[in-house]
Amino acid sequence: MDFLRPTTWAEALAAKADQPEAVPLQGGTDVMVEINFAVRRPPALLDLTRVAELREWSVAGGECTIGAGVPYRVVVEELGGVVPGLAQAARTVGSPQIRNRGTVGGNLGAASPAGDSHPPLLAAGAVIEVESRDGGVRLIPAAEFYLGVKRSALRPDELIRAVRVPSAPGPQYFSKVGTRNAMVIAVCSFAVALDPARRRVGTGIGSAAPTPRRAEEAEDLLARELDWDAPALDPSLAARFGRLCARAAAPIDDVRGTAAYRLHAVEVMARRTLTWAWNDHLGRRAA
Ligand SMILES: Cc1cc2nc3c(=O)[nH]c(=O)nc-3n(C[C@H](O)[C@H](O)[C@H](O)COP(=O)(O)OP(=O)(O)OC[C@H]3O[C@@H](n4cnc5c(N)ncnc54)[C@H](O)[C@@H]3O)c2cc1C
């Protein structure tokens, strides 16, 4: 097996262009498990850990750009104020060791329907920045990135450079159901993001369909009927929101849970996260 070790982004893109079958390696918390369990035996590994620019993040123009090599620990410790939904999700990933190595870029590269980054990225309207030596930069909205189970819009010669997440314009929440409280793959998960200025609510559903996905009908319901100046959230509207979120899911029965349980859990999480976010919105309005 070849082991490619570029030290610059340009070198990494050149290596991927010359050897598209090379498997990128960031934190290795997915890739090394697969290699150790002989799930795959790639002809080459493309180690990106020496590419310094991938470990950078910045905030400018109302947007937070998070390099593909930024570990969850940094998202939790440094980005909670600017992308709170993603930081909440990052806090639930694995253990301190996994959060120290694992990255949002790797979560996107793996494109598992159960990846915890995906619901908050969908809810916030994030954009994935990918690049290839010969094709240049492509900006892919999160809603168009996930194509199937562990399949994404990334082309064989492309690498993920960063994810661009709008700086939160309002409250955001992430909720995850697992078979225990920590070190657990989501049975299902849900994220909500409020944008009071645009009067929109974004959603993201995880581990309850072949891909992470938005609940568009539920978003449209709130765009039509949510009274942003009301003193309280109408409980019947929140309940309808929950039901429409569940309707957007298409779960299966598997070792972690049944489809019926997942539908119920998505409905409950959607209602609850909307209520938590709304209460924060009320608090900010009053302040
Ligand atoms: C014990 C344990 C617990 C875990 N718990 C969770 C959890 O709670 N929630 C969760 O979501 N995940 C969990 N995971 C899975 C894993 O940690 C995450 O998916 C993590 O985000 C992967 O990031 P990484 O940097 O380690 O990726 P890697 O393993 O390096 O790569 C993952 C995939 O992305 C590709 N890739 C990496 N970087 C790039 C790039 N720049 N461009 C293109 N492709 C790229 C790789 O080729 C590979 O296909 C867990 C894993 C373990 C071992």
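This text goes through the ligand shell, the largest nonpolar core and helix 9 of a predicted model.

The ligand is a convenient starting point. Around the ligand there are 31 residues, of which Gly27, Thr29, Gly106, Asn107 and Gly109 come nearest. Several elements give two or more residues to this shell: strand 2 (23-25), helix 2 (31-36), helix 5 (96-101), helix 6 (104-110) and strand 10 (159-166). Helix 6 supplies the largest share, five residues. Sorted by class, the shell holds 15 nonpolar, 13 polar and three charged residues.

Next comes the interior. In soluble globular proteins, nonpolar side chains tend to be buried together. Here the largest nonpolar core has 78 residues, and the members that touch the most others are Val75, Cys245 and Val266. Helix 11 gives the most to this core, with seven residues. Leaving aside residues up to four places away in sequence, Val266 touches Cys188, Phe190, Ile205, Ala208, Cys245, Ala246 and Ala249. Val266 itself lies within the span of helix 11 (259-286).

Helix 11 also meets helix 9. Which residues of helix 9 (residues 216-225) are buried? They are Ala218, Glu219 and Leu222. These residues lie on the same side of helix 9 because they cover an arc of only 100° around the axis. The other side of helix 9 carries the exposed residues Glu216, Ala223, Arg224 and Glu225. The packing partners of the buried residues are strand 13 (200-206), helix 10 (235-248) and helix 11 (259-286).

Definitions and conventions: Residues are numbered from 1 along each chain as its sequence is written. This is a predicted model: local features need pLDDT of at least 70, side-chain atom pairs count only at pLDDT 80 or more; totals for chains, interfaces and linings use all residues. A residue is buried if 20 or more other C-beta atoms lie within 10 Å of its own, exposed if 12 or fewer, and partly exposed in between; C-beta atoms are placed from the backbone. Helices (H or I, at least four residues) and strands (E, at least two) are DSSP runs, numbered from the N terminus. The arc is that of the directions from the helix axis to the C-beta atoms. Two residues are in contact if their C-beta atoms, placed from the backbone, lie within 7 Å. A nonpolar core is a set of buried Ala, Val, Leu, Ile, Met, Phe, Trp, Tyr and Cys residues joined through C-beta atoms within 7 Å. A residue is near a molecule or strand if its C-beta atom, placed from the backbone, lies within 6 Å of it. Ala, Val, Leu, Ile, Met, Phe, Trp, Tyr, Cys and Pro count as nonpolar, Asp, Glu, Lys and Arg as charged, and the others, Gly among them, as polar.
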